[in-house]
Amino acid sequence: MENKIEIHELVTSILPTQDDVVQATDAIKPFQQSMLKLQHFMFQGDPVDALAKLDIGQPRGACGATWSNTDLAYTCWTCGLAKYSAICAPCFQNGNHKGHNYTILHADAGSCDCGDATLWKQEGFCSKHGTTELIQPLQHEIANSIQPVLDALFRCWKNKLSDHISADSRKYNNGMTAAIVEMLSRFSDSSQSLQSFICLRMVSSPGLVEILIHSETFLRRGVVKELHRLLLKFLGEYSFKFEFAKCFLTRYPVAIKEIIKQGSDLGFLTNSMIVNFSMQIFSVPTLTHHLVEEENLMDILFACLEEVFVASAGNDGRLESVKWMSLIDVTILLVENILAVISHATAAQYMLHEQRGLLRTWLKISSFVQGMFPLMRETEIYISEPNRVERPLLVVYYISSINFLLVDRAFDANQIDHDISIPDNDDIKNLQHAQRVGGSLQVPESVTFLTHECLRSIEICLGLYDRTSCRLTEIQSRQNFFAIKSSFGILCLAEWPRIEYDVSSEGVSIHQPLNHLLSVILRNILIRLPKADIFGQLLAGCHSDGYSATIMELPLRLRVFCAQYRAGMWDDNNVNALLSFHWYTETHCSEALEADLFLLQFCAALAPADCYVERLLGCFGLSEYLSLSLQSTNEYELALVREMLTLIIHILQERQFCGLNKSQSLRRDLIYNLAIEDCTYDKLVAFSPAELSQDDHFQEILNAVAIYSNPSDQNEVASHSLHRRSKYLGQPIVGSFFDA
């Protein structure tokens with residue numbers, strides 16, 4: 001048994017020949033007999049008795065139980081260390097989660113994280129699982145007996161999988177893989193120490209893990225499914241997860257390319273590896289840190305997403321709905337993966353401080369969805385179109401969430417050495433004064449860089465798509481629109497530009513992630529750096545006239561669209577206009593609405609009053625209204641006037657982000673949502689703007705305004721209801737929402 005060559009020859013002789021497998025009705029049968037013989041050599045006796053004696057009295061490590069989309073999983077916000085951490089129902093029921101905030105969901109892929117200290121708090125482990133540090137290593141004599149045979153078997157397995165061209169070789173590979181996976185699963189279920197030993201030998205076998213990752217392209221789906229179950233279970237071993245992740249990154253872009261080549265999300269059927277394993281890997285902070293800095297993870301993810309967008313775009317650089325909707329699932333997977341990576345502080349800091357080219361690439365990618373799928377008003381015949389709003393909105397939501405995380409990291413606490421203060425109601429009005437006298441506090445360089453890149457992207461998108469008198473005529477196509485000079489165009493104009501755009505006839509898009517990014521940056525500046533020199537540093541190169549005229553344009557068009565919709569001008573349109581209006585105006589999705597309102601307020605503080613009001617009148621189509629000419633009136637004019645006046649009141653008085661601190665805004669938001677219906681914890685988090693839901697006092701404020709009901713049945717969901725003494729103050733149309 002000590003001679004490796006002899007052992008390899010022994011294993012080869014025990015394995016069935018290709019002719020034996022080809023002639024067999026079921027390819028796995030000949031291999032099952034061979035595996036039984038090899039197990040006798042491994043344990044030098046009956047494998048059943050040997051496995052029964054292993055790990056007696058020892059706890060298990062990570063659970064690793066895998067699930068399908070019919071299984072229930074539990075996400076505990078108290079115990080989970082990552083956004084996507086989850087455990088199976090038995091582990092949840094065997095653990096102590098009394099008083100915790102948790103969610104029951106139908107898991108579509110992945111494995112249980114109970115016992116994995118990189119994804120779940122140890123105090124949240126169930127009684128059956130513990131950390132791998134508590135597991136005793138495999139006994140020395142047993143390890144010495146198993147290792148030579150197992151290593152030889154792994155070498156044969158890898159060599160056979162490398163030959164998968166002919167039908168006979170594929171049948172052989174399917175039978176061999178199914179039998180080996182069956183045996184290793186039995187080993188893993190029998191002993192935690194044996195599982196750890198198997199993982200160590202697998203990563204020590206050159207090329208085995210890599211070819212197993214790529215084997216989904218030539219093995220049968222049933223065999224691949226069982227193989228993935230085994231690998232997911234092995235991910236509980238951190239050393240295996242580390243090596244597996246590096247090999248996984250070689251498969252990731254190849255799988256994305258294959259899906260794009262097929263032109264359909266049906267490509268997931270033969271590329272399920274990236275769906276089943278991506279979140280299991282990208283959710284681990286320590287592992288992700290290494291992948292970002294040493295394995296170029298961000299470059300890989302950004303390149304894949306950009307390739308999807310390029311494949312879905314037309315000659316004009318705009319996404320085409322028919323093309324993109326056939327690849328929408330892979331797009332959602334990619335942005336989910338990027339969000340999981342960026343949620344780790346080290347990844348965002350890496351982009352902001354060490355590899356700013358990645359940040360520029362990300363904003364370029366974001367510009368693909370900026371202004372996509374513009375809605376066109378129908379005035380004659382109703383045209384039925386497929387719903388192209390909901391799933392694209394999910395993509396934009398993820399992109400905006402990534403942008404908000406980048407802003408938080410850019411305003412790193414270590415870079416700002418003063419007390420954070422909440423601006424009062426006059427701060428935006430005082431912007432003009434601040435512009436004249438200048439500021440005394442330096443804006444972090446990462447914030448300035450992010451702002452400049454965001455402004456440049458917004459300006460380029462406006463110049464590419466819009467017919468204005470200040471259009472950037474040198475931009476010819478999306479392929480080269482980022483290869484422009486660093487100086488701004490219309491943003492630096494010293495006189496108010498004349499912009500002509502008719503929302504009614506030229507279309508409007510609710511997808512504006514770059515504008516919302518800019519809004520978040522400016523809000524943070526006012527809150528964290530109220531004395532900063534905004535035009536001297538943050539908006540260097542911009543002029544107040546050109547800046548305000550440009551930045552107010554897209555938010556204003558969306559407000560005009562909403563006004564026209566309420567007035568009945570879009571009644572002949574299909575469901576896409578209805579869904580877009582309701583998404584943009586619904587309170588629980590009002591983050592975009594509030595971000596746009598803030599930009600309108602910001603620009604109003606900078607712009608010449610006459611020019612600002614003139615642009616409001618022009619965009620609302622009311623330029624002739626003040627002439628008092630009866631001939632120019634139409635059936636929608638009075639409704640539009642009312643909507644415009646309401647918007648002006650909002651601009652002058654509404655202060656969700658100014659005048660109320662975070663705690664007050666959060667209290668108001670929670671009361672409003674709970675007044676509508678009882679909500680689970682995760683719903684309240686989802687309904688609240690990201691800036692509010694991440695407040696450190698979220699739980700404290702929630703306890704003050706709501707009553708928590710903990711169901712006795714584990715299958716019921718815990719929820720919060722509005723406390724009787726809490727009352728909803730104010731109305732969401734005009735004036736303040738909060739009564740101090």
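Trainee: How much surface does the protein chain expose, and what share of it do carbon and sulfur atoms supply?

Mentor: In this predicted model, the protein chain exposes about 32100 Å². Carbon and sulfur atoms supply 51% of that area. As for the interior, 55% of the 740 residues count as buried.

Trainee: Which residues make a nonpolar patch on the surface?

Mentor: Y625, L626 and L638 make one of about 330 Å². Y625 sits in the loop between α29 (609-619) and α30 (637-653). With a relative accessible area of 31%, Y625 is partly exposed.

Trainee: Let's move on to the fold. How many helices and strands does the protein chain have?

Mentor: There are 34 helices and five strands. Look also at the contacts between residues at least 6 apart in sequence: 78% of them join residues at least 24 apart.

Trainee: How should I read a helix with many buried residues?

Mentor: Start from the general idea: an α-helix has 3.6 residues a turn, so residues three or four places apart point the same way. Now take helix α18 (residues 356-366), where R356, L358, L359, W362, L363, I365 and S366 are buried. They cover an arc of only 165° around the axis, so they lie on the same side of α18.

Trainee: And the strands? Which ones does β1 join?

Mentor: Strand β1 (residues 71-76) runs antiparallel to β3 (residues 102-107), with six bridges between them. Within that pairing, L72 stands opposite H106. Two bridges also join β1 to β2 (residues 87-88), again antiparallel, and here Y74 stands opposite I87. As a general guide, side chains in a regular strand alternate between the two faces of the sheet.

Trainee: How many salt bridges does the structure hold?

Mentor: It holds 19. One of them joins the side chains of K241 and D116, at 2.9 Å from N to O. This pair links distant parts of the chain, 125 residues apart: K241 is in helix α11 (residues 238-262), and D116 is in the loop between β3 and α6 (140-161).

Trainee: Are K241 and D116 buried or exposed?

Mentor: Both are buried. Compare another salt bridge, K246 with E243, at 3.4 Å from N to O. These two are three residues apart in helix α11, so about one helical turn separates them. K246 is partly exposed, at 26% relative accessible area, and E243 is partly exposed too, at 29%.

Trainee: What about D329 and R391?

Mentor: Their closest N and O atoms are 2.0 Å apart in a salt bridge. Because D329 lies in helix α16 (residues 328-342) and R391 in helix α19 (residues 390-410), the pair ties together parts 62 residues apart in sequence.

Methods
Residues are numbered from 1 along each chain as its sequence is written. This is a predicted model: local features need pLDDT of at least 70, side-chain atom pairs count only at pLDDT 80 or more; totals for chains, interfaces and linings use all residues. Side-chain values use heavy atoms; hydrogens and water are left out. Two strands pair if DSSP finds at least two bridges between them. Helices (H or I, at least four residues) and strands (E, at least two) are DSSP runs, numbered from the N terminus. Patches are made of residues with over 30% relative accessible area and no salt bridge: like charges are joined within 9 Å, nonpolar side chains (Val, Leu, Ile, Met, Phe, Trp, Tyr) within 5 Å. Accessible areas come from the Shrake-Rupley method with a 1.4 Å probe; for residues, only the protein chains shown count as cover. A salt bridge is a side-chain nitrogen of Lys or Arg within 4 Å of a carboxyl oxygen of Asp or Glu. Buried means under 20% relative accessible area, exposed over 50%, partly exposed in between (1.4 Å probe, protein chains only). The arc is that of the directions from the helix axis to the C-beta atoms. Contact means heavy atoms within 4.5 Å.
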